[in-house]
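The report below describes selected features of one protein model, moving from its annotation and core to its internal spaces and its backbone geometry.

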Amino acid sequence: MAVASSSDVAILALGVVLAAAYLFRDSIFSSSTPKAVPVAPSKLANGHGNPRDFIAKMKEGKKRLIIFYGSQTGTAEEYAIRIAKEAKTKFGLTSLVCDPEEYDFENLDQVPEDSCVIFVMATYGEGEPTDNAVQLMENLTDSAFEFSNGQHGLEGLKYVVFGLGNRTYEHYNAIARQVDDELTKMGAVRIGERGEGDDDKSMEEDYLEWKDNFWPAFAEALGVEEGQGGDTPDFAVTELESHPPEKVYLGELSARALTKTKGIHDAKNPYASPVKISRELFQVGGDRNCVHVELDIEGSGITYQHGDHVGVWPLNPDVEVDRLLCALGLYSKKDTVINVDSLDPALAKVPFPVPSTYISVLRHYIDISAVAGRQILGVLAKFAPSPEADAFMRNLTSNKDEYAAVVANGCLKLGEVLQLAAGNVINAHPTPQNTTAWAIPFDIVISSIPRLQPRYYSISSSPKLNPTSVHVTAVVLKYESIANKLVASRWVHGVGSNFLLNIKHAANGETADASEGIEHVSLPAYAIEGPRGAHKAEDVYKIPVHVRRSTFRLPTNPKSPVIMVGPGTGVAPFRGFIQERVALARRTLEKNGDDALADWGQISLFYGCRKSTEDFLYKDEWPQYTAELKGKFTMHCAFSREPPYKPDGGKIYVQDLIWDDRKNIADAILNGKGYVYICGDAKAMSKAVEEVLARILGEAKGGSEAEGAAEIKLMKERSRLMLDVWS
């Protein structure tokens, strides 16, 4: 064993001393002043370090208005921004426009006395808050929730409410009304009347009528005068002389799509899904189309469940892109690279990725295919190329009857209105030669036209049978506009469904036949190859998609009876439901033998279409599902345009078949504790079905239809009656 020398011991001892000094340096060398200990900010603190504190942000930015929006598809957010812009233009007041899920509400009672809170709230589903407003609604409705004053009270808080809903739904504007009621209970003071927009008629007209009465009440309540603001732009658009081409967004929806890097695919980063199969579901050669598309999600990381929705990201048709490029005088420099900067990031965020090009913005990012709103026409009138065009635009803006007759009933898009105002012909393919150019700054175009949103479809497959593909069933929207003194009746085509039809035609090498008597210009074509050709690989096309979760689900116990009502494309989710049950049946039969489904509840599907030979969706599949489910699946079909008819000659619809089967339905619901699902048209079908169900249940319980309606309400509350409807 080696023996340490005295010098080694000394060095070792010195090392120990130095190490101890380092470890206990705070105690040895600290002054007598106590050391500060970091304290977590309390919920009452307005410290700038808390990103969820909107009061601090209001004070820091000298904002007098805070606007919260409950939005599922982006529309409520658009109206929130519009209110903020008008407050700035009219009164010089700046606003904080907020997504409520990004903030805490304990200090809502601290909003200054000279300020106000504006709630722009959409109602979703069955009278539910939008996903981003769930926490806000819980805080407002929970009497145990305390604000910073230690109470569930907001005495003297000034507030405004504008709701977005659809009158065809039972719970019309339920969330806006609930916000109003809860705030009133807590002592808050509403400014003006509660606004309610009806998407079934005209959300835009309801908003315009409401705001014209609201702003005077607002000015009085906050002690401000109109004219203190100014017409300042929201964005600065700059043309870039040189920029790396690979860093320019030409329609890519996310940075990951541009750089081709992997990541989670969602609404902020859709997945370019290859189209595995696309086919026509209606009778070939008919005057209508319904497209079945199978989207390949293998390797994408995307998962789904039966009843979920798929968001399809379309583009604007070529003719409308060309039309607006010509009307804005930008056709010759459509590929010029531009950058867009927000001049007030708190109010107006750049709505799409930049840098981009003029043509990419119009094709991929903003909704130029929507009917032109009345308010935007007034904004653009000052840029009219002639006194006649100016007068035309101002008349449409000030005369809502004229606007309704010409623009709304004529289904005129912005580019078409600009052409019409300038005296151009709108039924010829637009060119710089036949279209008058308007000197409209592009920043105003970006500010005035909302972002192009995804179109949502109920997924028509089950991951149990189709784990690597999502199926879409989309009827192609095509209808005739109402003729007026300026524009004849013409075909109007929906953006999303006609985009899918274009994909089907291209994928199968088909040609689109022009509608009889209609010029080819009215048939929309799309740049379906995608930005930089990224959405086409050889003969395979790709569609940007993401999945949106739903609560529209089968009961987990297969012993529960299930009643499904889905005429037309309302049958889409029920194809997924049946596939879900078929997959379970296969496993159960394999494990337990031929009698394994004996105690399963009966599954009934009520389906309707025009004719069994024309538009019977998935006609060849249902018998196979019936066989696999061993008699547990029954399909009831109503064909409205073929015999049999009612004794009075009337058409038979799904609600008639439900009434005919009333004994079994009442037994399934009342005794079997069954579940009912309705999918499809909200305006007529859904209401009619609920009414006949109420009648059936009322009679079965020995009471009135009112008693049946009470049972329907109870079923909804317990999620035994679920709806996935649209108007």
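What follows is a description of a predicted model, arranged by topic.

**Annotated span and core**

In an unreviewed entry, UniProt lists residues 65–215 under the name "domain: Flavodoxin-like". In the model this span is 33% helix and 23% strand, and its end C-alpha atoms lie 13 Å apart.

The largest nonpolar core comprises 50 residues, and those with the most contacts inside it are Leu377, Met393, Val407, Leu414, Leu418, Ile440 and Phe442. At least two residues of this core come from each of several elements, among them helix H9 (318–327), strand S12 (337–342), helix H12 (387–398), helix H13 (400–408) and helix H15 (442–448). When residues up to four places away in sequence are not counted, Phe442 touches Val237, Leu328, Leu330, Ile338, Tyr358, Val361 and Leu362.

**Pocket and cavity**

The second largest pocket holds about 560 Å³ of space, and of the 23 residues that line this pocket, Arg256, Ala257, His265, Tyr271 and Ala272 are the closest to its centre. Helix H8 (255–259), strand S9 (271–280) and strand S19 (540–548) each supply at least two residues of the lining, which divides into 8 nonpolar, 9 polar and 6 charged residues.

The count of cavities of 30 Å³ or more comes to 1, and the largest cavity contains about 60 Å³ of space. The residues lining the largest cavity are Gly251, Leu253, Trp313, Pro314, Leu315, His364, Leu452, His535 and Pro544; by class, 6 of them are nonpolar and 3 are polar, with no charged residues.

**Backbone geometry**

Two cis peptide bonds and two positive phi values are set out in the table, each with its place in the chain.

| Site | Backbone value | Place |
|---|---|---|
| Val354 to Pro355 | cis, omega near 0° | Pro355: loop between S12 and strand S13 (356–357) |
| Pro643 and Pro644 | cis, omega about 5° | Pro644: loop between strand S22 (633–639) and helix H19 (654–660) |
| Cys411 | positive phi, about 55° | loop between H13 and H14 |
| Arg532 | positive phi, near 60° | loop between helix H16 (495–507) and strand S18 (536–537) |

Is each of the residues with positive phi, Cys411 and Arg532, buried or partly exposed? Cys411 has a relative accessibility of 9% and therefore counts as buried, the cut-off for that class being under 20%. Arg532, by contrast, has a relative accessible area of 41% and so is partly exposed.

Note on methods
Residues are numbered from 1 along each chain as its sequence is written. This is a predicted model: local features need pLDDT of at least 70, side-chain atom pairs count only at pLDDT 80 or more; totals for chains, interfaces and linings use all residues. Side-chain values use heavy atoms; hydrogens and water are left out. UniProt positions are given in the numbering used here, feature names are shortened, and annotations may be inferred rather than shown by experiment. Helices (H or I, at least four residues) and strands (E, at least two) are DSSP runs, numbered from the N terminus. A nonpolar core is a set of buried Ala, Val, Leu, Ile, Met, Phe, Trp, Tyr and Cys residues joined through side-chain atoms within 4.5 Å. Buried means under 20% relative accessible area, exposed over 50%, partly exposed in between (1.4 Å probe, protein chains only). Contact means heavy atoms within 4.5 Å. On a 1 Å grid over the protein atoms alone, a cavity is a set of points where a 1.4 Å probe fits but cannot get out, and a pocket is an open set with protein on both sides within 12 Å along at least five of seven lines; lining residues have an atom within 4 Å of a point. Grid points are joined across faces, edges and corners, and a volume is the space filled by probe spheres set on the points. Ala, Val, Leu, Ile, Met, Phe, Trp, Tyr, Cys and Pro count as nonpolar, Asp, Glu, Lys and Arg as charged, and the others, Gly among them, as polar.
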